[in-house]
Amino acid sequence: MNSRETLRHRNVGSGGELREPLLRQDSDADELDHGHEIEPGHCSPLGPLKKCAEFLIHLARTLGLLRHPAVVQHELVLSEIQRDRLEALWAGVAVMYDGQDARHAAALRRLWELALPGRTLPESMVTPEWKDMGWQGTNPATDFRSAGLISLQHLLYLGERHPRTFQRLLNKEEGTRSEWEYPFAVGGVNISFMLTEMLQLRKQPEVPQRAPFRGFAKLLAVDDCALEELFVATFELLDYHWLDQRASYMEFPHVMSATKKAVEEALSSQLLSAQENWWRISGANAIDDMPT
């Protein structure tokens with residue numbers, strides 16, 4: 001059983017309300033959302049921009065999405081499988097990280113092994129070495145309060161299913177990097193928080209009706225790991241915007257805002273099969289950036 005199956009849907013009453021993202025975004029930032037697929041354990045040399053575009057185009061072809069925007073938005077009615085997967089997500093986002101839960105602690109140890117192989121994690125799990133992964137303090141448990149257990153699950157999914165991408169993002173292997181980089185782990189927690197808020201996954205039991213969720217519902221119909229794959233895609237897009245804007249630490253909120261906007265537009269669009277639309281959404285400025 002993998003980490004996702006072990007932890008999923010366990011409701012732990014550890015207390016504590018969800019808080020704002022760890023690296024606070026601008027209050028007037030637009031709400032966003034975006035999807036993309038990478039084969040497990042594979043990182044294309046073509047870069048995150050093309051991978052994001054290829055993922056969305058693949059989904060459009062698979063699902064037969066409309067090429068023209070709908071004029072009237074009727075109430076969204078989910079299929080049985082979409083409803084089941086949405087309810088599973090509702091249960092998942094409600095779980096807070098509990099360091100006293102053996103399964104939660106084991107998952108955090110697994111993340112340590114993926115990110116810092118060869119290093120010894122103290123039994124207390126408290127060490128300044130967590131900062132090398134991009135946590136704010138000596139114990140990541142405090143950072144999970146912004147998004148809950150699901151943010152740990154997302155990072156584990158990235159590390160286990162997309163190990164090359166995980167290492168590339170963790171170690172900032174692509175492009176000309178800033179002297180003051182965004183922290184990998186905290187960046188992931190912020191993405192998890194942003195996606196669950198944008199998709200209104202914390203407002204059960206009502207089925208969200210906003211355009212981004214309508215697009216996401218199509219992904220739910222074909223993939224039980226839709227949110228996890230969306231997390232991976234968004235993380236890659238975040239890194240793309242970071243490099244494109246030549247950003248530094250203090251500009252992280254602006255990069256998150258740009259990423260959020262691109263994701264929301266992609267999920268909300270009914271023109272998902274048009275390559276020109278990918279070019280516009282991704283912010284590409286050269287024809288070579290467009291998928292073939």
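# Loops, helix packing and core of an all-helix model

Trainee: Gln200 has its place in the loop between α7 and α8. Is Gln200 buried or exposed?

Mentor: The model is a predicted one, and the values below are computed from it. In that model, phi of Gln200 is near 55°, a positive value in a residue other than glycine. Its relative accessible area is 17%, and the cut-off for burial is under 20%. Gln200 therefore counts as buried.

Trainee: Lys203 is found in the loop between α7 and α8 as well. Is Lys203 buried or exposed?

Mentor: Exposure requires a relative accessible area over 50%. Lys203 has a relative accessibility of 54%, so it is exposed.

Trainee: What distance separates the C-alpha atoms of Lys203 and Trp90?

Mentor: Along the chain, Lys203 and Trp90 are 113 residues apart. In space, the separation of their C-alpha atoms is 8.1 Å.

Trainee: Which share of the contacts with a separation of 6 or more joins residues 24 or more positions apart?

Mentor: The protein chain has 11 helices and 0 strands, so the definition of elements here leaves a pattern of α after α along the sequence. Among contacts with a separation of 6 or more, the share from residues 24 or more positions apart is 74%.

Trainee: How many of the 292 residues are buried, as a percentage?

Mentor: The accessible surface of the protein chain is about 13600 Å², and carbon and sulfur atoms hold 49% of it. As for the residues, the buried portion of the 292 is 54%.

Trainee: Which element gives the largest share of the largest nonpolar core?

Mentor: Nonpolar side chains tend to be buried together in soluble globular proteins. The largest core here has 68 residues, and Phe184, Phe213, Phe216 and Phe235 touch the most other members. Two or more residues come from each of α3, α4, α5, α6, α7, α8, α9 and α10. The largest share is 10 residues, and the element is α9.

Trainee: Which residue of α9 is in contact with α5 and also with Phe184?

Mentor: Leaving aside neighbours within four places in sequence, Phe184 is in contact with Met133, Gly134, Leu155, Leu158, Phe166, Leu169, Leu170, Lys172 and Phe235. On the α9 side, the contact of α5 with α9 is made by Leu227, Glu228, Glu229, Phe231, Val232 and Phe235. The name found in both lists is Phe235.

Trainee: Which residue in contact with Phe184 takes a positive phi just after α6?

Mentor: In α6, Thr165, Phe166, Arg168, Leu169 and Leu170 are buried. Phe166, Leu169 and Leu170 are in contact with Phe184. Just after α6, a positive phi of about 50° is taken by Lys172.

Trainee: Is α5 roughly perpendicular or oblique to α9?

Mentor: The axes of α5 and α9 come within 10 Å and cross at roughly 75°. Their contact has 8 nonpolar, 1 polar and 2 charged residues. Angles from 65 to 115 degrees fall in one class, and this makes α5 and α9 roughly perpendicular.

Trainee: Is α8 roughly perpendicular or oblique to α9?

Mentor: The axes of α8, residues 211–222, and α9, residues 226–244, come within 9 Å and cross at roughly 120°. The roughly perpendicular class ends at 115 degrees, so α8 is oblique to α9.

Trainee: How many residues in the contact of α8 with α9 are nonpolar?

Mentor: From α8, Phe216, Leu219 and Leu220 meet Ala226, Leu227 and Leu230 in α9. No polar and no charged residues take part, and the nonpolar count is 6.

Trainee: How many charged residues are in the contact of α3 with α8?

Mentor: Helix α3, residues 80–93, packs against α8 at about 105° with the axes 9 Å apart, which means the two are roughly perpendicular. Ile81, Gln82, Arg85, Leu86 and Leu89 of α3 take part, facing α8 residues that include Phe213, Phe216 and Lys218. The contact has 9 nonpolar residues and 1 polar residue, and the charged count is 2.

Trainee: Arg246 lies in the loop between α9 and α10. Is Arg246 buried or exposed?

Mentor: Arg246 has a positive phi of about 50° although it is not a glycine. Its relative accessibility is 76%, and the cut-off for exposure is over 50%. Arg246 therefore counts as exposed.

Definitions and conventions: Residues are numbered from 1 along each chain as its sequence is written. This is a predicted model: local features need pLDDT of at least 70, side-chain atom pairs count only at pLDDT 80 or more; totals for chains, interfaces and linings use all residues. Side-chain values use heavy atoms; hydrogens and water are left out. Helices (H or I, at least four residues) and strands (E, at least two) are DSSP runs, numbered from the N terminus. Buried means under 20% relative accessible area, exposed over 50%, partly exposed in between (1.4 Å probe, protein chains only). Contact means heavy atoms within 4.5 Å. Accessible areas come from the Shrake-Rupley method with a 1.4 Å probe; for residues, only the protein chains shown count as cover. Axes are lines fitted to C-alpha atoms, for helices over the stretch in contact, and angles run from 0 to 180 degrees between N-to-C directions. Angles under 35 degrees count as roughly parallel, over 145 as roughly antiparallel, 65 to 115 as roughly perpendicular and the rest as oblique. Ala, Val, Leu, Ile, Met, Phe, Trp, Tyr, Cys and Pro count as nonpolar, Asp, Glu, Lys and Arg as charged, and the others, Gly among them, as polar. A nonpolar core is a set of buried Ala, Val, Leu, Ile, Met, Phe, Trp, Tyr and Cys residues joined through side-chain atoms within 4.5 Å.
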